[in-house]
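Student: Could you walk me through this structure? I'd like to go slowly.

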There are 2 protein chains.
Amino acid sequence: MKTSPTKVNFNQKFSLFEEQWRPKVIAEMNNYQFKLARLEGEFVWHQHDDTDETFIVLEGELSIDLESGPVVLRAGEMLVIPKGMRHRPHATTEAKVLLVEPVGVVNTGDVESELTAPQDVWV
Amino acid sequence: MKTSPTKVNFNQKFSLFEEQWRPKVIAEMNNYQFKLARLEGEFVWHQHDDTDETFIVLEGELSIDLESGPVVLRAGEMLVIPKGMRHRPHATTEAKVLLVEPVGVVNTGDVESELTAPQDVWV
């Protein structure tokens with residue numbers, strides 16, 4: 001029999017790390033990953049040329065600047081950034097966020113920055 | 001310039017339908033869909049032979065029976081059911097759930113039932 005899957009509790013996983021802008025993988029579905037991230041301050045403008053990217057806010061408030069203007073997400077709200085669309089997340093105080101994207105997506109997309117985080121770090 | 005994406009508020013979308021066991025699409029990411037569902041009572045045992053399936057509980061409590069036993073999910077918890085694994089969701093009182101799965105997944109998987117819901121219904 002296959003190994004039974006284990007449920008994931010977001011708060012329990014957040015209790016295991018404090019770093020910001022370093023997404024942590026909590027689950028995989030096919031070739032996609034679910035990642036938790038703590039976001040505060042301003043990220044870099046970037047884009048993902050090969051994939052859409054999903055932001056779901058679990059706690060706090062996250063702004064995502066687009067070239068057309070900012071979108072403000074609060075807990076219980078989500079946004080899918082279309083592939084190739086430049087965006088810049090920022091948050092005045094820490095936002096807790098669930099990201100959904102294919103395995104291997106680099107957080108800073110086409111930009112290399114000190115904010116570029118290592119891939120595939122599980123928590 | 002590309003059309004800017006629109007954010008989705010889960011509570012606002014839930015206010016638009018009352019039906020249970022009829023997932024409603026709220027967003028697409030690549031060839032995946034995010035769907036909201038109200039689940040109460042007992043579903044049918046089924047499996048999805050071609051894909052994993054993700055349940056994220058937003059409100060209430062959802063049990064998912066597996067052949068190895070039940071997994072109980074509360075708000076802020078998620079479970080990925082591996083492809084080919086038989087499962088049966090049920091809830092004593094209504095649970096509000098976010099599903100993530102590829103476009104075209106039938107809610108009852110390999111089983112045809114009166115609970116089989118139409119595909120690709122957006123809200």
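Student: What turn and what shift lay chain B on chain A?

Tutor: This is a predicted model, in which local features need pLDDT of at least 70, side-chain atom pairs count only at pLDDT 80 or more, and totals for chains, interfaces and linings use all residues. Residues are numbered from 1 along each chain as its sequence is written, while chains are lettered from A and ligands numbered from 1 in the order in which they are written. Chain B can be laid on chain A by a turn of 180 degrees and a shift of 0.0 Å along the axis, with an RMSD of 0.0 Å, where copies are superposed by least squares on the C-alpha atoms of residues with pLDDT of at least 70 in both. The two copies are therefore related as by a two-fold rotation axis.

Student: And how many residues of chain B are in contact with chain A?

Tutor: There are 31 residues of chain B in contact with 31 residues of chain A, counting two residues as in contact if their C-beta atoms, placed from the backbone, lie within 7 Å. By class, the chain B side has 17 nonpolar, eight polar and six charged residues; here Ala, Val, Leu, Ile, Met, Phe, Trp, Tyr, Cys and Pro count as nonpolar, Asp, Glu, Lys and Arg as charged, and the others, Gly among them, as polar.

Student: Which element gives the largest share of that side?

Tutor: That is E7(B), with five residues; strands (E, at least two residues) and helices (H or I, at least four) are DSSP runs, numbered from the N terminus.

Student: Which strand of chain A pairs with E1(B)?

Tutor: Strand E7 (residues 77-81) of chain A pairs with E1(B) in the antiparallel sense over two bridges, pairing being defined as DSSP finding at least two bridges between two strands. Within E1(B), B:Asn9 stands opposite A:Glu77.

Student: New topic: is E3 of chain A mostly covered or mostly open?

Tutor: Strand E3 (residues 32-42) of chain A is mostly covered, as eight of its 11 residues are buried, and a residue is buried if 20 or more other C-beta atoms lie within 10 Å of its own, exposed if 12 or fewer, and partly exposed in between, with C-beta atoms placed from the backbone.

Student: What does E3(A) join up with?

Tutor: Five bridges join E3(A) to strand E2 (residues 24-29) of chain A, running antiparallel, and 10 bridges join E3(A) to strand E8 (residues 87-102) of chain A, also antiparallel. E2(A) and E3(A) form a hairpin with two residues between them, and A:Asn30 in the turn has a positive phi of about 55 degrees.
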